[in-house]
Amino acid sequence: MADEIGLEKKTLEFAPGRPIVILTWRGTQPQLKSVILNSHTDVVPVFEEFWTYPPFAAHKDKDGNIYARGTQDMKSVTIQYLEAIRQLKSEGQRFPRTIHLTMVPDEEIGGHKGMELFVDHPEFRAMNPGITLDEGLANPTDEFSVFYGEKCVWWITVHCRGDPGHGSRFIENTAAAKLQSVITSFLNFREEEKKRLESNPGLTLGDVTTINLTKVSGGVSCNVIPTEMSATFDLRIPPTVDLKDFELQIERWCRAAGDQITFEYHQKCMNQKMTTPEDSNPWWKAFSDPCKKLGLKLKPEIFPAATDSRYIRTAGFDALGFSPINNTPILLHDHNEYLNEDVFLRGIQVYTRIIGSLASAPPLPGEQ
C-alpha cells in the first residue's frame, strides 16, 4: 500500500517478531516538527463460539455493520489513515510538515517490545515528533471522544502469610483472614469511586480510580489451612491523583490487615503528563478547528484504560487519542465487535481534514 500511495517505507525490529512499520510523506519544510499517525497491528484474542459471524471474516450485515475483531480497536483507524493520505495525495496536496504513519506490534499486551522501546530509540527522535494521533474509543452518543491523558496502570499482588493448620480447627492469624481484610479494603474503595462516578454527571470513567480483583491464589489441599494466600488487583488511577498519597493508602490497608503482609508491583506507571486540550496549545487548535468546521462535537476526556500514547507523553511529546466513531456502542475487546460502514467511510473524510490541518500548523516557537 505504501508503494501504491507513494510513501517511503521502513521496518524496524527491536524485538524478534515484533516489527514496527513506518511510512513517511515528506513535507515541504521537513525541518518542522512532524505529525505522527500511530496505530497498532495486534488485536486481542477471540472466543469464536460467542460471535454471530466468523470474527476474522469482516462480515457485513444488511444494515452495513461490519463484524470483525479490530473493527474498532484499531485496524479501522489504520486503514482510515492510509485512505485519507491516499486521497490527499491524489488531490495533489502538499503540506509543510512531514507526516509519518507508525504501525506498532504489541499494544494489547503492554507495548513493552514496541512503542515503549521505540520512543527511546534514535529512530523515533529522528522523526522530529510534534503531535501524535493514536487510538481513542467509540462514543455511543453523537459526540466524539478525544483523549488528552491516560490513567496510570498499577498491577499489584498482595501476599498474606499466616499460621497453618488442620481445616477442622479455628486457627488464629490465618493468611485467609488477612487476605479478606485486604480485599475488603480494596473493594470498599472501588465501591466509593463507583458511587462517586454515578452521582456526578460531570465525571467520566477516566476521572475516577477503578480497582478490580483479577486473581486469587493459595492453598495446597481442601483440608489444610494455607501458610500463604495472595490477591492481584488491576488499578487504573487518573493523572489528577497524588500517586504518593495513594501508595501510602495501599500500605495502610495492608498494615491494617495484620503482620507478614507484603506486596509487589507488576506494573506501576508514575507518569501523569497530559496534552492541553485548549486553543492555547497550537496542536489542539490545529486538531479541533477542522472538527468544528465539520460540526463534530468533541468531548475531551482522560482515557479510562491505557494505550501507547502514555509512552509518547512520557517521552515529552504531545499525543491525542481519537477514533472518529460516534453513535456506536463501545465494543473493543468484546464479542461481536463491529463498525458501521457509513461511520467508517465518514471517518476517512474526517481524517483528511484533521491531517491536513495538523500538517499545515504554523511554525511553533523555536522552529525555523
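Trainee: Let's start with helix α9. What span should its 19 residues cover at 1.5 Å a residue, and how far apart are its end C-alpha atoms?

Mentor: Happy to, and remember that this is a predicted model. At 1.5 Å a residue, the 19 residues of α9 should span 27 Å. The end C-alpha atoms agree with that expectation, as their separation is 27 Å.

Trainee: Which residue caps the N-terminal end of α9?

Mentor: Look at the backbone nitrogen of Asp 342. A side-chain oxygen lies 2.9 Å from that nitrogen, and the oxygen belongs to the capping residue, Asn 340.

Trainee: Which helix gives the most to the largest nonpolar core?

Mentor: That core has 46 residues, and those with the most contacts inside it include Leu 37, Ile 85, Phe 287 and Leu 358. In general, nonpolar side chains tend to be buried together in soluble globular proteins. Buried residues of the helix in question include Val 343, Phe 344, Ile 348 and Leu 358. With nine residues in the core, the top contributor is α9.

Trainee: Which residues does Leu 358 touch, leaving out those up to four places away in sequence?

Mentor: Leu 358 is buried in α9, and is among the residues with the most contacts inside the 46-residue core. Leaving out residues up to four places away in sequence, its contacts are Val 35, Arg 97, Ile 131, Leu 133, Trp 283, Ala 286 and Phe 287.

Trainee: Ser 360 is in the segment after α9. How far is Ser 360 from Arg 97 in space, C-alpha to C-alpha?

Mentor: Ser 360 has a relative accessible area of 37%, so it counts as partly exposed. Beyond four places away in sequence, Ser 360 touches Phe 95 and Pro 96. Ser 360 and Arg 97 are 263 residues apart in sequence, yet their C-alpha atoms are separated in space by 6.4 Å.

Trainee: What angle does the direction of α9 make with that of β17?

Mentor: Picture an open sheet of three strands in the order β4-β5-β17, paired antiparallel. Strand β5 and β17 share three bridges, and Tyr 67 stands opposite Tyr 338 in β17. Helix α9 packs on this sheet, touching β4, β5 and β17, and its direction makes with that of β17 an angle of about 70°.

Trainee: Now the four-strand sheet. Which are its edge strands?

Mentor: The sheet is open and antiparallel, with the order β11-β13-β9-β14. From one strand to the next, the twist averages 20°. An edge strand pairs on one side only, which here picks out β11 (210-218) and β14 (261-268).

Trainee: How many bridges join β9 to β13?

Mentor: Let's look at some partners. Ile 156 stands opposite Phe 233 in β13, and Cys 160 has Met 229 as its bridge partner there. On β14, Val 158 is partnered by Phe 263, with β9 and β14 paired over seven bridges. For the antiparallel pair β9 (residues 152-161) and β13 (residues 228-237), the number of bridges is 10.

Trainee: Is β9 mostly covered or mostly uncovered, and how many of its 10 residues are buried?

Mentor: Helix α5 (residues 175-199) lies across β9, β11, β13 and β14, running at about 10° to β13. Strand β9 is mostly covered, and the number of buried residues among its 10 is eight.

Terms used:
Residues are numbered from 1 along each chain as its sequence is written. This is a predicted model: local features need pLDDT of at least 70, side-chain atom pairs count only at pLDDT 80 or more; totals for chains, interfaces and linings use all residues. Side-chain values use heavy atoms; hydrogens and water are left out. A nonpolar core is a set of buried Ala, Val, Leu, Ile, Met, Phe, Trp, Tyr and Cys residues joined through side-chain atoms within 4.5 Å. Buried means under 20% relative accessible area, exposed over 50%, partly exposed in between (1.4 Å probe, protein chains only). Helices (H or I, at least four residues) and strands (E, at least two) are DSSP runs, numbered from the N terminus. Contact means heavy atoms within 4.5 Å. Two strands pair if DSSP finds at least two bridges between them. Axes are lines fitted to C-alpha atoms, for helices over the stretch in contact, and angles run from 0 to 180 degrees between N-to-C directions. The expected span of a helix is 1.5 Å times one less than its number of residues. A polar contact is a pair of N or O atoms within 3.5 Å; within protein, one must be able to donate a hydrogen and the other to accept it, and residues adjacent in sequence count only if both atoms are side-chain atoms.
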